[in-house]
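Trainee: Please take me closely through the ligand site and the backbone around it. I would like one connected account, with the unusual backbone geometry included.

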Amino acid sequence: MGTPSDKKLIDENGLRLDGRGPDELRPIRIRTDVLERADGSAMIEWGGNKIIVAVYGPREAYPKHTQDIERAVIKARYNMAAFSVDERKRPGPDRRSVEISKVISEALTAAVMVEQFPRTQIDVFIEVVQADAGTRIASLTAASVALANAGIPMKDFVVGCTAGKVEGKVVLDLSKEEDNFGQADLPMAVLQKSGEVVLIQMDGELSKEEFDSAVAMIMDATKRIHEIQRNALVEKYQNIEAGGEE
Ligand code: ADP
């Protein structure tokens, strides 16, 4: 982290490099049923992020020793394509993708009625085809929609967003430059109805007041993001009713 010497991330009017105000989200678009073979799928475009999620299951957990006799095991696998970032990323799993897969699996487990499907696994394949900061929370937001699209019973939706500190100011939904050169990054995900926090990580430093204000901004944004999730699912049923493509 550190500040780039050549450009300011926030101008004299308080606007950010992409013209957003402090609590504005980048454009978000979610579509369901983007893959034919998956039980459920979704694609999210969030700023410059493009992420596809495929859900399979519940199906018998394999290998057998991974089975839980009381509940379904959610196996999320987050992968960034080699061409998803400016410099080619080395293909295959690395520490970061293993960590993100783990935190996503845990967050989704809190939302799904896993007790209904003992001994099974639910696979959630996440492919980041274009990365632009905030991929873990965008992945979670899309995965939640893909699970619903697969018809998997859920207690609640997971909705994620980030906030952070840039040039001393708390701002919502960090862009790539803000993530790289800002002072703090706080990705967070909650259950939409209950407000329970299911993911929270932090990079950098925030004072107690800044932290509280970042969390408040995120909580407010999750309401707007959930509307987009809901509309993506409703759109599908409207298409069916209209006799259009499923
Ligand atoms: P998140 O994507 O959840 O914000 P990070 O903070 O780890 O996760 O990453 C921030 C951004 O940095 C990513 O969205 C991506 O644009 C970029 N990035 C991550 N890993 C790499 C990599 N190996 N090579 C190039 N860019 C990367």
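Mentor: Start with Ala 133. Its relative accessible area is 11%, so Ala 133 counts as buried, the cut-off being under 20%. Keep in mind that this is a predicted model. Ala 133 lies in the loop between S5 and H2. Its backbone is worth a look. Phi of Ala 133 is near 75°, a positive value, and the residue is not a glycine. Most residues other than glycine have a negative phi.

Ala 133 also has a partner in another element. The side chain of Asn 49 reaches the backbone oxygen of Ala 133 at 2.8 Å. Asn 49 belongs to strand S3, which covers residues 49–60. With a relative accessibility of 0%, Asn 49 is buried. So both residues of this contact fall in the buried class: Asn 49 at 0% and Ala 133 at 11%.

Now turn to the ligand. Ala 133 is among the closest residues around it, together with Arg 96, Gly 134, Thr 135 and Arg 136. In total, 13 residues surround the ligand. By class, this shell holds seven charged, four nonpolar and two polar residues.

Take the polar contacts one by one. Arg 96 uses its side chain: an N or O atom there is 2.7 Å from an oxygen atom of the ligand. Gly 134 uses its backbone, where a polar atom lies 2.8 Å from a ligand oxygen. Arg 136 again offers a polar side-chain atom, 2.8 Å from an oxygen atom of the ligand. How much of the ligand does the protein cover? Taken alone, the ligand exposes 540 Å², and the protein buries 74% of that.

The ligand sits in the largest pocket. Two elements give two or more residues to the shell around it: helix H2, residues 135–149, and helix H3, residues 176–181.

Step back to strand S5, which spans residues 120–130. Val 128 is part of this strand. Val 128 is buried, at a relative accessible area of 0%. Its C-alpha is 4.6 Å from that of Met 80, although the two are 48 residues apart in sequence. Met 80 falls within strand S4, residues 73–80.

Return to S3, the strand of Asn 49. Pro 58 is in S3 as well. The peptide bond from Gly 57 to Pro 58 is cis, with omega near 0°. Most peptide bonds are trans. A cis bond also joins Tyr 62 and Pro 63, with omega about -5°. Pro 63 is found in the loop between S3 and S4.

One more backbone angle to check: Asp 33. Phi of Asp 33 is near 55°, again positive in a residue that is not glycine. Asp 33 is placed in the loop between strand S1, residues 28–32, and strand S2, residues 40–46. Is Asp 33 buried or exposed? Its relative accessible area is 34%, so Asp 33 is partly exposed. Ala 133, with its positive phi, is buried at 11%.

To close, go back to where we began. Ala 133 is one of the closest residues to the ligand, and its backbone oxygen is reached by the side chain of Asn 49.

Note on methods. Residues numbered from 1 in each chain as written. Predicted model: local features only at pLDDT ≥ 70, side-chain atom pairs only at ≥ 80, totals over all residues. Heavy atoms only, no water. Near = heavy atom within 4 Å. Polar contact = N/O pair within 3.5 Å; in protein donor to acceptor, adjacent residues only side chain to side chain. Areas by Shrake-Rupley, 256 points an atom, 1.4 Å probe, with all protein chains shown as cover. 1 Å grid on protein atoms, 1.4 Å probe; cavity = no way out; pocket = protein on both sides within 12 Å on 5 of 7 lines; lining within 4 Å. Sits in = over half its atoms within 2 Å of the grid points. Helix = DSSP H or I, 4+ residues; strand = E, 2+ residues; numbered from the N terminus. Nonpolar A, V, L, I, M, F, W, Y, C, P; charged D, E, K, R; others polar. Buried < 20%, exposed > 50% of the residue type's maximum accessible area, 1.4 Å probe, protein only.
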